[in-house]
Amino acid sequence: MRTPRSLLVTGAAGFLGSTFVHRLQAQRPTVRVVSLDALTYAGDLANLEGLPVPGHHTFVRADIRDTAEVIRVMEAHAVDTVVHFAAESHVDRSIEGPAAFLSTNVEGTASMLEAARTVWAARAPEVVPRFHHISTDEVYGDLDGDQPAAVEGDRYAPSSPYAASKAAADHLVHAWRRTWGLPVSLTHASNSYGPRQYPEKLIPVVIGKALAGQPIPIYGDGRQQREWLHAEDHADGVLAVIERGAEGSVWHVGGPDTLENRELAGHLCALLDEAHPEGAPHARLMTSVPDRLGHDRRYALDCTKIRRELGWSPRWTLEAGLEQTVRWYVQRRG
Ligand SMILES: NC(=O)c1ccc[n+]([C@@H]2O[C@H](COP(=O)([O-])OP(=O)(O)OC[C@H]3O[C@@H](n4cnc5c(N)ncnc54)[C@H](O)[C@@H]3O)[C@@H](O)[C@H]2O)c1
């Protein structure tokens, strides 16, 4: 069991980074946390409001590609654990403009690895550092309907520029370990959802359009299958790995439920019919639009390893999680 003392969380003002910081502070109140974020369009400091232990939290506005600044922050806060969430994260944007994804996800990850390698080369012997990298199920690409779920170590076959940039970042993490002995771990998670997600992602899009009485876009036939994982369960899986997962190990953190996109949208509409009856039935707004280029049909992660070895399993059922998420967006809209 490692006990991190000072954690640097990149992308901490985004959806998953902020959820991780909230969960971490709720469960490990003595750990010091440095949230580092460039506050791009996807970052919002409001996501870090209401933290359980604000006295143990510092926010630094910085770009992960600024290696010298990351080194300064890591040294100033005696960081022993990096949890690297920061990324360009929206597949559609990667199709419109891949360059930002190569810069942030690939060069940015290399910069973070260099910073960690530099700082930890001079560490005291009692410090047990860890660079934890947040990856995605999308690096495995499309699975056929009858193909078994991906297991750790399966071949990468990313489809989108986003997934390819995340795959490249994963390879860099392994390379820094192999070449310089940087202590690392990785998690590949499935589609995550919950409060605080940026409005461009599928679940907030469906909720936002439905509440506005506008057409709810469904890509193609809407039969793409995704596993849905509550952001808090994602965060808890990451915490289990940085504390108890072996150095150099890779883990799948997958959602309990698989749904086709159109089923998911239908389910959200039904929840909205109760939470916001004025616009009911919201499902009438679901509208097929041309499919996303290269759209993967199915992702699936085999999570046997993390369940068996670390005892992690999702706490949220999809039903309860979607209800909570819908409530959060409805209340926020006022
Ligand atoms: N959301 C999902 O379903 C999901 C699933 C699996 C893995 N992931 C991975 O989790 C991570 C976080 O995803 P998210 O959904 O929270 O994304 P997000 O877009 O909500 O947040 C990304 C954060 O990174 C910050 N950022 C971007 N570029 C930066 C830079 N150059 N320097 C510093 N900060 C920068 C942004 O300001 C933002 O706060 C990503 O690495 C993503 O690939 C996401």
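## Helix 8

Let's start with a helix in this predicted model. Helix 8 covers residues 261–275, and at 1.5 Å a residue its 15 residues should span 21 Å; the end C-alpha atoms are 21 Å apart, so the expected and computed spans agree.

Which residues of helix 8 are buried? They are Asn261, Leu264, Ala265, Leu268, Cys269, Leu271 and Leu272. Looking down the axis of helix 8, you will find these buried residues within an arc of 165°, so they line one face of the helix. A general rule helps here: an α-helix has 3.6 residues a turn, so residues three or four places apart point the same way.

## What the buried face meets

The buried residues of helix 8 pack against two helices, helix 6 (202–212) and helix 10 (318–333). They also pack against strand 8 (216–219), strand 9 (225–230), strand 11 (257–260) and strand 12 (286–289).

Leu268 is a good residue to click on. Leaving aside residues up to four places away in sequence, Leu268 touches Ile203, Val206, Ile207, Leu322 and Val326. Leu268 also belongs to the largest nonpolar core, which has 84 residues; together with Val9, Phe20 and Ala116, Leu268 is among those with the most contacts inside that core.

## The whole chain

Stepping back, the protein chain holds ten helices and twelve strands. Its C-alpha atoms fill a box of roughly 60 × 45 × 40 Å along the principal axes. For 334 residues, a compact globule would have a radius of gyration near 20 Å, and the chain has 19 Å, which agrees.

Of the 334 residues, 46% count as buried. Among contacts with a separation of 6 or more, 82% are between residues 24 or more positions apart.

Note on methods: Residues numbered from 1 in each chain as written. Predicted model: local features only at pLDDT ≥ 70, side-chain atom pairs only at ≥ 80, totals over all residues. Helix = DSSP H or I, 4+ residues; strand = E, 2+ residues; numbered from the N terminus. Rg over C-alpha atoms; globule rule 2.2 N^0.38 Å. Buried ≥ 20, exposed ≤ 12 C-beta atoms within 10 Å, placed from the backbone. Contact = placed C-beta atoms within 7 Å. Expected span 1.5 Å × (residues − 1). Arc of directions from axis to C-beta. Core = buried A, V, L, I, M, F, W, Y, C linked by C-beta atoms within 7 Å.
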